[in-house]
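Colleague: Got a minute to walk me through this model? I'd like to go through some of its packing with you.
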Amino acid sequence: MRTLPRDVAAFTGREAELERLIRNTDPGEAIIIHTVDGMPGVGKTALATRAANLLAPRFPDGQLFIRLHAHTDGQLPADPSETLAALLASRGIPPRLIPQSLEERAAMWRDHAADKKILLVLDDAADNTQIEPLIPAAPGCMVLVTSRRRLVALDGAGPLPLDVLPPDAAARLFTHLTHRTPTPADSPALTRAVLLCGHLPLAIALLAGRLAHHPTWTIPAFTDEFAAAQDRLGELEAGNRAVRTAFDLSYNDLPPTRQRLFRRLGLHPGTDTDAYATAALDNIPLHQARRELRALQTDHLIDEPTPGRYRLHDLLRTYTQTLTTQDPADDRARTTLRLLDYYQHTAQKADLRLARAHTTPPTTPLVETPDLNTRSQALTWLRTEQPNLLAATDHAATHHHHTHTIALAAATAALLRQDGPWHQAASLHLRAAATAHHHTTPHDEANALNNLGHVRRLLGQYAAAGDLHEEALALYRNLGNRQGEADALNNLGRARRPLGRYAAAGDLHEEALALYRNLGNRQGQADALHELGRVRCLLGQYAAAADLQEEALALFRGLDIRLGEADALNDLGRARTLLEQYAAAGDLHEQALGLYRDLGHRLGEAEALNDLGRVRYRLGQHAAAGDLHEQALGLYRDLGHRAGEADALNDLGRVQHSLGQYAAAGDMYEQALALYRDLDNRHGQANALNDLGRAQYRLGESVAAGYLHKQALALYRDLDNRHGQANTLSDLGRVQHRLGQYAAAGYLHEQALGLYRDLGSRLGQANTLNDLGRARRLSGQYTVAGELHEEALALYRGLGDRHGEAEVINNVGALAAETVGPGDGLAVYQQALHIAREVAAPLEEARALDGSARCQLRTGDREAAIENLRQARAIYQRLGVLEAQPAADLLTSLETEAPDSTER
């Protein structure tokens, strides 16, 4: 009654599973039954043996280990009647008294075990019919069953399915069995060795056993040899133990049709499969494919990592591939072609729902396909199947299935543009273009070049993208394909725009628009109008840009193209922002963001988040703006969209700048500038240079700031970007002001003001009027200065810009103190201080405190002046701005001189 095998000395991992078996042993009203199931070689017997040895003291009346031989080479599965006879004999019952029938033997066994505490381990069970007669009825007994099958028909049992070992446990098992202590240099090879074993305990044990008997071999050299083996399964055997034999025993139990399906699963080039793909692969009805997959999963020959998705373990995949060599070559070829046909048709069907542009209609289906009647269904299917689609495309290219190579690349183009990975998409379309050039038609080649151009543009390779679209354009024109010609023209305009060639881009979009109108293609018209609106925005023609986006939006909505609608809403929001219609702009970006999220369009989501952040920034909601830009930055980086990453970094820099964190802002601007330069994005470079100049100005680096602003101004002039020119002229004026060149500063501000008025930018006018007022005050033109500040203040209040209001009131305070008296100046500074604190504008708060202190000194309130100066100095020093030193010097002189001295 004590027949347990010896404890497993090298037992590693499975702590949670072992704890579950040990913990759930308290006797109750019914017998405790646990089934441990899993694929061949996963360590079921080792776990059951380990648990039984630990549990043995709790079952003093017997611990029995019975091998049922469901999968023992050269041996039939144990007959339950004969097993019962052996059990009864072990209790001392003479053979002549053991009944003949299975039912009577089972009853006698239950009677003998009725008052006992027995632990029964039934190893390698075939099914529940082999097990049921052997199970005692006594609540003090426990039964552990191991099986390669899921024993779903065994009532009352607690199933414990085993997966392969986690990587760290697999590595520990390997090192334990090799009797070695790996060095850090061995770690990569060790990780690779257990990975090549698929983390399967049997494979690890056999491989480690080989290495253990060769103490002079190193782990890296041994792993390299194993990786290079032509027959890796052949390397995993020792004596009567072999991974291949374990697999053979399970495979041989299958009926012939299931064996065929199992073999064909090894021909699937992808990572997993579902019932639809399996039906195509095996040329069987869908309902049969579902039944066969469930049966293979029950037998642990395939896994079901997520509902309805099935995969082979790596070693089982290798095993099936050795089995397929038994099948005729033409049968294997037909099998893979059926699968390629299925993926091509279904991907084209999904692409119709996803792509905004003209797409290839799907081929005629030969098998059942999933419902893809909505964009959401299509996107979910494409995302789920993306690894398989890429693998199928690679397989088609490798085996010279030219039509499938081109069609699959085209059908996945919209998904890959939206989700990436873009480098992989570029390789895919490049191969499709080469295949089409050499083996199919110019039309296929033009389509592939156009798709490749899209991806190059997303990667920031604008010149290369333009070249590809030009090649496609030439091919379409030679073919007389006016639809393709219009698409290529529109795409070429998209590629020209980031290079700052706005006029050329606009011409291309207008040419495309004319073609689309002649063709009666309303979708194409909407696309071209949308792109033309983007160009108009960059040229400072904001009202015209808004009109174009509204026209595009109406077309997209009429056609029920929700992605186009989201794009038009977002770009209309950009135009409204530049027209300083912030509430309307925010609403448009939020609508776009909701649509992008509904559509699962992560790139669009990033764009809308970043643009909404710009609106929040303009409204003085700096914390909210920063959060939105951070979210956008994360998405851009996940997608590998470097141009978007640069935009988000630059916008984050502006938020930091507005919070007075000038050094941090400068770092953000420099990161953005480096990206823009790598991408040859001249518009982005100009923005980053100008913003970096502003940060340098605040940090007291006036000469450096002027140099940066001049570089930005040259770029803006080359780009004919009048808004950028106005911004930079205004910033250059501030630099001249600090250098004491007030007349020059005034001249620059006047130029900027003229541009802002032409553009209708009230914010730009307000900023420049304010700066111009400061220059006029320091030139002694007090009346003019006051008028300019009043005009600026009215504009800021009309815009709801409290930060700007605080800045101009500080300037009015300086003017009042200088022309009217310190008492009036102090009152104005206190107004500025209240607003600055309310909107968290630290620089304006410090300026108001500083100005108040100087007025208080003149009125004799020395203590209040010192306290205000201390607060101002602390803020200035925290911001690291130039104003910190004068404030510190004045404070030092006040704190060291006699109390009755007066500051003049």
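Modeller: Sure, and keep in mind that this is a predicted model. Let's start with Gln685, which touches Leu673, Tyr676, Arg677, Asp680 and Leu715, leaving out residues up to four places away in sequence.

Colleague: Is Gln685 buried or exposed?
Modeller: The cut-off for buried is under 20% relative accessible area. Gln685 has a relative accessibility of 11%, so this residue counts as buried.

Colleague: And which helix is the place of Gln685?
Modeller: Look at the stretch of residues 682-698, which is helix α33. Gln685 has its place there, in α33.

Colleague: Helix α31 packs with α33, right? How are the two directed relative to each other, parallel or perpendicular?
Modeller: Helix α31 covers residues 642-658, and its axis lies 11 Å from that of α33, at an angle of about 20°. Angles under 35 degrees count as roughly parallel. That makes the pair α31 and α33 roughly parallel.

Colleague: Which residues make that contact, and how many of them are charged?
Modeller: From α31 come Asn650, Arg654 and His657, and from α33 come Asn687, Ala688, Asp691, Arg694, Ala695 and Arg698. By class, the contact has two nonpolar and three polar residues, and the charged ones number four.

Colleague: What handedness does the crossing of α31 and α33 have?
Modeller: Here you have the pair whose axes make an angle of about 20°. As α31 passes α33, the crossing is left-handed.

Colleague: Now to α12 and α15. Are they roughly parallel or roughly perpendicular?
Modeller: The axes of α12 (residues 256-265) and α15 (residues 314-323) come within 7 Å and cross at roughly 110°. The range for roughly perpendicular is 65 to 115 degrees. Therefore α12 and α15 are roughly perpendicular.

Colleague: What classes of residue make up the contact of α12 with α15?
Modeller: On the α12 side you'll find Phe262, Arg263 and Leu265, which meet Leu316, Arg317, Tyr319, Thr320 and Leu323 of α15. Split by class, that contact has two charged, one polar and five nonpolar residues.

Colleague: What do the buried residues of α15 pack against?
Modeller: The buried set in α15 is Leu315, Leu316, Arg317, Tyr319, Thr320 and Leu323. Their packing partners are α7, α8, α10, α11 and α12.

Colleague: On to the strands. Which ones are at the edges of the five-stranded sheet?
Modeller: The sheet is open, with parallel pairing and the order β2-β3-β4-β1-β5. An edge strand pairs on one side only, and that points to β2 (63-67) and β5 (158-161). The twist from one strand to the next averages 15°.

Colleague: Which residue stands opposite Arg67 in β3?
Modeller: β2 and β3 (residues 119-125) pair in the parallel sense, with five bridges. Across from Arg67 you find Asp123.

Colleague: What angle does the direction of α1 make with that of β5?
Modeller: Helix α1 (residues 15-23) packs on the sheet and touches β1, β4 and β5. Its direction and that of β5 make an angle of about 165°.

Colleague: Last one: which residue takes a positive phi in the hairpin of β8 and β9?
Modeller: Strands β8 (residues 303-306) and β9 (residues 309-311) run antiparallel and are joined by two bridges. Thr306 stands opposite Arg309. Two residues lie between the strands, and the positive phi, near 85°, belongs to Gly308.

Notes:
Residues are numbered from 1 along each chain as its sequence is written. This is a predicted model: local features need pLDDT of at least 70, side-chain atom pairs count only at pLDDT 80 or more; totals for chains, interfaces and linings use all residues. Side-chain values use heavy atoms; hydrogens and water are left out. Axes are lines fitted to C-alpha atoms, for helices over the stretch in contact, and angles run from 0 to 180 degrees between N-to-C directions. Helices (H or I, at least four residues) and strands (E, at least two) are DSSP runs, numbered from the N terminus. Angles under 35 degrees count as roughly parallel, over 145 as roughly antiparallel, 65 to 115 as roughly perpendicular and the rest as oblique. A crossing is left-handed if the near helix is turned anticlockwise from the far one by less than a right angle, and right-handed if clockwise. Contact means heavy atoms within 4.5 Å. Ala, Val, Leu, Ile, Met, Phe, Trp, Tyr, Cys and Pro count as nonpolar, Asp, Glu, Lys and Arg as charged, and the others, Gly among them, as polar. Two strands pair if DSSP finds at least two bridges between them. Buried means under 20% relative accessible area, exposed over 50%, partly exposed in between (1.4 Å probe, protein chains only).
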